[in-house]
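This report covers ring contacts, sheets and helix packing in one chain. Please read it alongside the sequence and the model.

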Amino acid sequence: MELSAAWRTLSTGLVPPAALGLAGTRAEPTVPPEASDLQAAVEVLRRYDLHTALEEWFLEVLQTDLQAHIAPEFWNCVAQYENTAEEPQCSLLLLDAFSLLQRRLDPYLCSMELLEAWTKAGLLLGTGSQGLREKVYTMLKAILFFSTTKAFQEMIQQFYSRSFKIYMRQWRRSEGESSMSEHEQGSESEEGEPAGGADSPRCAGCGCQKDQCWCPTAMEQFQRLSRILCRLNLLERVSADAVTSILHRMIEERMEWRCRGEYERSFLGEFQEWIEKVIGWLSRVFLQEAAGAPPGPEASSTLKRWRCHVQRWFYRLYASMRIEELFSIIRDFPESKPAVDDLKYCLERTNQRQQLLSSLKSALEMRLLHPGVNTSDIITLYISAIKALRELDPSMVILEVACEPIRKYLRTREDTVRQIVAGLTGDAEGSGDLANELSKADPVTLENGQESDDDISEPEDWVPDPVDADPGKSSSKRRSSDIISLLVSIYGSKDLFINEYRTLLADRLLHQFSYSAEREIRNVELLKLRFGEAQMHYCEVMLKDMADSRRINANLRDEEQKLPEEERPSFDLVAVILSSEFWPPLKEEKLELPEPIKEAMEAYSKKYEKLKAMRTLNWKHHLGLVNLDVELADRTLSLSVSPVHAAIVLHFQSKSESAVPLQQPLLAGGRGEGRVEGLRPDLLPGQLLTALLAAPVAFPGTWMLEELSEVLKVPVTSLRRKMTLWLQQGVLREEPPGTFTVIEEEQKDRAEKVVLIDSDEEGDSAMASQADQKEEELQLFWTYIQAMLTNLESLSLERIHSMLKIFVMTGPMVTEIDLQELQGFLQKKVRDQQLIYSGGVYRLPKSCS
């Protein structure tokens, strides 16, 4: 009887009678036994050694009751939400459901605390390594919320979302609405809800009419539900997904309308302040500040974990957004430097470098690296990328990896070197960055080669490279590279840039006739700091030629002035004498000048030979600039034309019935009626001359195109293009086709005829084109290749290339040819039937060998 009574006392005192199948309902209040009676009953069980089964029995009864009664009752209550449209009613139903759950579980929780107290007092043995409390809470989560319905998730989501909006609305009111924009005042509203500004009839917190606002009720329900979930230890299990979803969505929304497309100011400080307010709402959820009780260590740890989660999520989301916009950020740099600094701060706290690299590579290939973008625009953006990515990653690894597609693509563009050199000298549009970089006081020289990491002066300053750095490249070399060195390294050789600059310098010098080269001298001196003295020696000789030409022309002119007027030459020639070994190849064209001009050039050559013994001049008749006045019956035209245009005019004059005799010459540099300036020639042993001549012209006469072509030694197609200038100026007319006649008097009543001028006629370069130069160099290689194949019969591509490198590719004037260029050249010879390719080797045809 004693054992039976003790067990009845414990069983009815620790669990609700209804859970044991006893008479009565759960709604009927029961009077629990006194704690002393329960402890006495435990003592009885201890005497019979049955106390060890008490806790297991308690857990088994709790599990059975949860599965059979408590969980179904709870979910039936929640199911009423599906038929409820009003949000206040839904919130009330949710609170009622959890209040019911708390009432059903409170007896078990009180008994759990009592059992734990008995275990601590030594009356019970406990439940092993896992405590009773942990087992109970695990059982509640497993049985009640192992699988939740979609309706329940929506109810929880709506409940916490509404409380968040109300809380943030209260915070904005405390900060002062007067200092905020209307967009910001309603930024937390859901899509489709009113903004809730000061003039809005609806509340920004609950979304109802202001006279029906239920924000205080909603916050009270929020506090009550949080206390219930905290009591049942279900707070994180029930609210974690909803809170996470709300925070993520709110951060994304706020970031979209606050930060998207805005690069000129930092947003990290503003968002840190906003996140602190979000943490204040989380403290309402997890710390229960309103309850007045101090938070426990577990709750404080939970809040700290949530703070880290929110900040980490913000950093990842903000970095992802800036990574998507990185192309535009680079394009707008340096105005976008605040956005770069924000991204750098976030990348230091997230692991998104690979995401950045892949995203930037994709953006570059899609938006920049295609035929529709000019080479100059690609180079401009690459320069901006160097600046921005150096700010983002001082180790330059991101720049090296992400911009490799740009470097590869620029190598495929024929005008890349030309555009870079034009930018360095300030000739290209928007080339200020390169020109300023060239003018730096302490430039990075391009002669030092690879530097060692051991060269760092202070060992403690050494910083390891990121894990995605190329181990084959020097860290110090990468970090010390500037814009010019990175552009030059696209091709791996500075010879291309030096040769291109020589061509650009030659064009500029030969297109001006004032001998003024101060700007070019400055550029050469700056480039010497970058490329070295030896590499720029040819350019110095070119500049020296200009100064020597001015002095020689001044001496010859002084000698002519001492002669009697009748002994002076018919033409004054002012020449530019060039050392051909040091100048790039010039364009070759045939042109037969009129006899008076050729006689004047011959006289100039004899004077030069007296001045410079053992030297003579080889004139380039087709190069130069002629300033002349064209005198017609009713008008005079002042034009600057090429020598071939001037020769055309002079031949029309020579056909006139009464030719006008040549008048006295004009001083070079002066300007007078009928003067023809700037025929530019070349030296035979190594020098070139550009000349100016003067003569008045008259224009009667008619020429057939073929006849004039034969006299000038100019192809018919080229001559027709040259004639278009005089057709456009109204000096000549073509009637009938192929016959050209001078128009002495302008015909006012004649309809205007539009004549298209070839674009090549304007700003034409005096230098041979890169294709012509390359063809000439390849022909040099072809001679050696023929000799090798004649002696050795057959050779592979690699063997031919290695032998050319040994025997041909030496000296400053010989450009190297890579394996791909050589293969293309040899394949062209195979197509032209000058080579035979079989079995991986090349051989000469039998007819050639």
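Lys 829 lies over the face of Trp 782, at 4.7 Å from the ring centre. A charge sits over a ring if NZ of Lys or CZ of Arg is within 6 Å of the ring centre and within 35 degrees of the ring normal. Arg 349 provides another case: its charged end is over the ring of Tyr 345, 3.5 Å from the centre.

The model is predicted, so local features need pLDDT of at least 70 and side-chain atom pairs count only at pLDDT 80 or more, while totals for chains, interfaces and linings use all residues. Residues are numbered from 1 along each chain as its sequence is written, and side-chain values use heavy atoms, with hydrogens and water left out.

**Overall make-up**

The chain has 31 helices and 13 strands; these are DSSP runs numbered from the N terminus, helices being H or I over at least four residues and strands E over at least two. Of its 849 residues, 47% are buried. Buried means under 20% relative accessible area, with a 1.4 Å probe and protein chains only. Among contacts between residues at least 6 apart in sequence, 74% join residues at least 24 apart, a contact being heavy atoms within 4.5 Å.

**Aromatic pairs**

Rings of Phe, Tyr and Trp (its six-membered ring) pair if their centres lie within 6.5 Å; planes under 30 degrees apart count as stacked, over 60 as edge-to-face and the rest as tilted. By this rule there are 22 aromatic pairs. One of them is the tilted pair of Phe 58 and Tyr 108, with 6.0 Å centre to centre and 55 degrees between the planes. This pair links distant parts of the chain, since Phe 58 is in helix α3 (residues 54–78) and Tyr 108 in helix α4 (residues 87–121), 50 residues apart. Both Phe 58 and Tyr 108 are buried.

The centres of the Tyr 604 and Trp 619 rings are 5.8 Å apart and the planes stand at 75 degrees, so this pair is edge-to-face. Tyr 604 belongs to helix α25 (residues 595–611) and Trp 619 to strand β2 (residues 618–624), 15 residues apart. Tyr 604 is buried, with a relative accessible area of 4%; Trp 619 is buried too, at 13%.

Tyr 345, the residue under Arg 349, is also part of an aromatic cluster with Phe 271, Trp 274, Phe 314, Tyr 315 and Tyr 318.

**Two open sheets**

Two strands pair if DSSP finds at least two bridges between them. The table sets out two sheets.

| Strand order | Pairing | Edge strands | Average twist between neighbouring strands |
|---|---|---|---|
| β8-β10-β9 | antiparallel | β8 (702–704), β9 (732–734) | 25 degrees |
| β11-β13-β12 | antiparallel | β11 (794–796), β12 (836–838) | 30 degrees |

In the sheet with β8, three bridges join β8 to strand β10 (residues 739–742), and Trp 703 stands opposite Phe 740 in β10. Helix α27 (residues 705–712) packs on this sheet, touching β8 and β10, and its direction makes about 85 degrees with that of β8. Helix α28 (residues 716–728) also packs on the sheet; it touches β9 and β10, at about 120 degrees to β9. Angles run from 0 to 180 degrees between N-to-C directions, and axes are lines fitted to C-alpha atoms, for helices over the stretch in contact.

In the sheet with β11, three bridges connect β11 and strand β13 (residues 841–843). The bridge partner of Ser 796 is Val 841 in β13. Helix α30 (residues 797–807) lies across β11 and β13, running at about 90 degrees to β11.

**Helix packing**

Helix α28 has a helical partner as well: its axis and that of helix α26 (residues 643–654) come within 10 Å and cross at roughly 75 degrees. The two helices are therefore roughly perpendicular, a label for angles of 65 to 115 degrees. On the α26 side the contact is made by Val 644, His 645, Ile 648, Val 649 and Phe 652, and on the α28 side by Leu 719, Lys 722, Met 723, Leu 725 and Trp 726.

Which residues of helix α17 (residues 404–412) are buried? They are Pro 405, Ile 406, Arg 407, Tyr 409 and Leu 410. Their cover includes α14 (353–367), α15 (375–392), α16 (397–402), α18 (416–424) and α21 (483–488).

Note on methods. Buried < 20%, exposed > 50% of the residue type's maximum accessible area, 1.4 Å probe, protein only. Parallel < 35°, antiparallel > 145°, perpendicular 65-115°, else oblique.
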